[in-house]
Structure formats: C-alpha cells, structure tokens
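Colleague: I'm new to this one and would like to learn how to read it. Could you walk me through it?

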Amino acid sequence: MNLGGIERLRDRAVEEIRAAVDAAALESARVKYLGRKGSVTLLMPALKDVPPAERPEVGRALNALKIAVQEALEARKAELQTQSRGAGQPFDHTLPGEWRGLGTIHPISRLIERASEIFRAMGFTVADGPDIETVRNNFDALNTPEDHPSRDPSDTFYLENGDLLRCQTSPVQVRYMEAHPPPARIIAPGRCYRRDTPDATHSANFHQIEGLYVDQQVSLADLKGDLTYFARRLFGAGVALRFRPHFFPFTEPSVEVDASCHVCGGRGCRVCKQSGWIEIAGAGMVHPNVFRAVGYDRHEVVGYAFGMGIERMAMILYGVPDIRLLYENDLRYLTQFGAGV
Ligand code: DAH
C-alpha cells in the first residue's frame, strides 16, 4: 500500500459511483468499496504493516479516501432522487398549476385594524387586558352596584374560582389607570362574553373597542367630536352620529351613540330595523368613583370613556345582515372581504 495506490483507488471508486445509473448500481458500488469486504474497508487493517515513519501520512490518505467515497455516494444518491422525481418527463406547461389558497383577513380583524389605525392617528395607544377577569375589575372598580343585573350568573359567565369572562372591555380602563399615572389616552379592542342567546344581532362571544381619555380638561364635547371624527373616517363623510342620554354605572353623564345606517343611508332597512339608526357605542364622562377605585385624584383629572361594538360596526360597514355570518366560518362568505387590511 502506498500513496499513489490509494489515490488511484479513490479515482476509480469516485468515477464508478458517478456513473451509477440507478439506485441498485449505486448500492453495488457502495458494497464494492465500503462494504464489509469492500476494497476501501480492507485497506484499513493493513495500515499497521506500513513502516512507522510513513504511517501518519498513509493514515491521513486512507481517511481522505474513505470520506471522498462516502461523499461521492451521497451526491450521486441525491442526483438520482431528483431525476426520478422528474421521471425524465419534459415539463408540461399545459397542466393546471397547484393552487395554494391564500388566506383572507377576517372582517372583525380588519375592522379592529382599521379602527386602531384611526385612533392611533388621533393620539391613542392600544392597550390590552385578559379575557378572564376579576369581579373587582369587571364590576366593583367600575362602580357597578351589588344588585346590578349584569352581575347575575344568568348574564355573565363565572368560573369556579369566582373570576369571570369579562362581559365588556371596560376592565382594561381599570388595569390601565392602575398601572399608569394620568394622562391616559388608550383604546383596547378585545373579546367579550355574555350569556346571550344568539340571534341576528346577538352573540355570546363578541368584540368591543374600549376607549379612555383622561386629562385635566376633557369634556363631553371632546367625546362627541372625537367619536364623530372617528365614525367619518371609518364609514365615510356622510355618516351622522346621534347621542342619546343613557345610564352606565361607570360614567356620568352617560350616552348611547347611534350611527346613521350606512346600508340604507338612513331611510330604513332590515339591518337598522327600519329606524335609520344603529347603536354603535355606549359612552360618557368617567364617574368619580372609578377614579377613586384606581387611585386617580378626581379633583385633578376628568375624562371620557366609550365602548364600541365591533360586530355592529362590521354589520354597518360591510352590510352584514346577520351577526352569525361572521362566526360560521363559511369561507364562501368570509373570503369576499378580500385580503389585506
Ligand atoms: N361597557 C359598556 C357595555 O358593554 C359600554 C360602555 C359604556 C363602555 C360607557 C364605556 C362607557 O367605557 O363609558 O355596554
């Protein structure tokens, strides 16, 4: 065994491997060189007969030989696999292509994105809170009386440990104010849960966008102006808003906000139940008891808050006649809203 012989053996083996026409030919080349009685394998024990002075060099050459043969085998195997996939057929460009269905963005997600975009441009940041809330954050800190009907287990989902699935996004106000000193200017989109029987306008699981603006000088006029600006950006310049006096425990005064029906332009249709208006939000000036609960000084700050129903707005904006269409996951329906936001 000498270096020249090793080199010749390597060249022969590599050439033979490259010429293997199929997997069987490749396998017999492997056995011939690297098998138990293969010519490369058999050379290895002969190293001990090489004079000690030459042994390191010959040993290195033997190693290199083995690696070269292994690499040639791998490379040819990969080549043969690629070839067999194409099966030698020329590319047929008349065959139909593979359609990878592109996903579309759900109308609720699109609306949350669009609304957040508009509010961000108005100086709001987006805050977040968990779906599972404490009774304190969802009711007590929001000045909700002990006997308020929304606390009833027939209205709100309670967990065994006494927590609940939030029935509104308003607890995010509490969390935010407790974690940040004033001023505050946030929106908080998210899921809400109520024990409602599903129908064309109700779902037990729906979405709201909470809004909160607290500073030294904030008035009901700011609330009206900001929500009107928002609605015009979202629905178009022609939309009108109507503010009706209402009651919420966490605001005083409180209002409900209706938008003129986008579907019929206010003339009356199925979506607005012939009234020409659709309720989109509850709102008002933050109640002093809420400020007290979160540790804000009610003599130092004032603020407005609102909670908007996202499904309602989706129904107006996209002309969705039944809220259930948004949840049935019928792709024929959902994909009409197109990709992107
Ligand atoms: N949380 C109320 C609801 O779910 C909506 C609401 C009303 C939120 C007034 C507010 C508010 O922040 O100030 O019906």
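Colleague: Which backbone atom lies 3.4 Å from an oxygen atom of the ligand?

Modeller: A polar contact here means a pair of N or O atoms within 3.5 Å; within protein, one must be able to donate a hydrogen and the other to accept it, and residues adjacent in sequence count only if both atoms are side-chain atoms. In this case a backbone N or O atom of Phe306 is 3.4 Å from a ligand oxygen. For Ala305, a backbone N or O atom lies 3.2 Å from an oxygen atom of the ligand. Gln168 uses its side chain: an N or O atom there is 2.7 Å from a nitrogen atom of the ligand.

Colleague: How much of the ligand does the protein bury?

Modeller: Areas come from the Shrake-Rupley method with a 1.4 Å probe. Taken alone, the ligand exposes 360 Å², and the protein buries 92% of that.

Colleague: Before we go on, what kind of model is this?

Modeller: It's a predicted model, where local features need pLDDT of at least 70 and side-chain atom pairs count only at pLDDT 80 or more, while totals for chains, interfaces and linings use all residues. Residues are numbered from 1 along each chain as its sequence is written, and side-chain values use heavy atoms, with hydrogens and water left out.

Colleague: Which residues surround the ligand?

Modeller: A residue counts as near if one of its heavy atoms lies within 4 Å. There are 15 around the ligand, and the closest are Gln168, Gln173, Arg194, Gln208 and Glu210. Strands are DSSP runs (E, at least two residues), as are helices (H or I, at least four), numbered from the N terminus. Strand 5 (205-215), strand 8 (277-286) and strand 9 (302-309) each give two or more residues to this shell.

Colleague: And how do I read the backbone's odd spots?

Modeller: Most residues other than glycine have a negative phi, and most peptide bonds are trans. Here, the bond from Pro182 to Pro183 is cis, with omega near 0°, and Pro183 is in the loop between helix 7 (171-179) and strand 4 (184-193). Another cis bond joins Glu252 and Pro253, with omega about -5°; Pro253 is in strand 7 (residues 251-260). Lys273 has a positive phi, near 50°, and is in the loop between strand 7 and strand 8.
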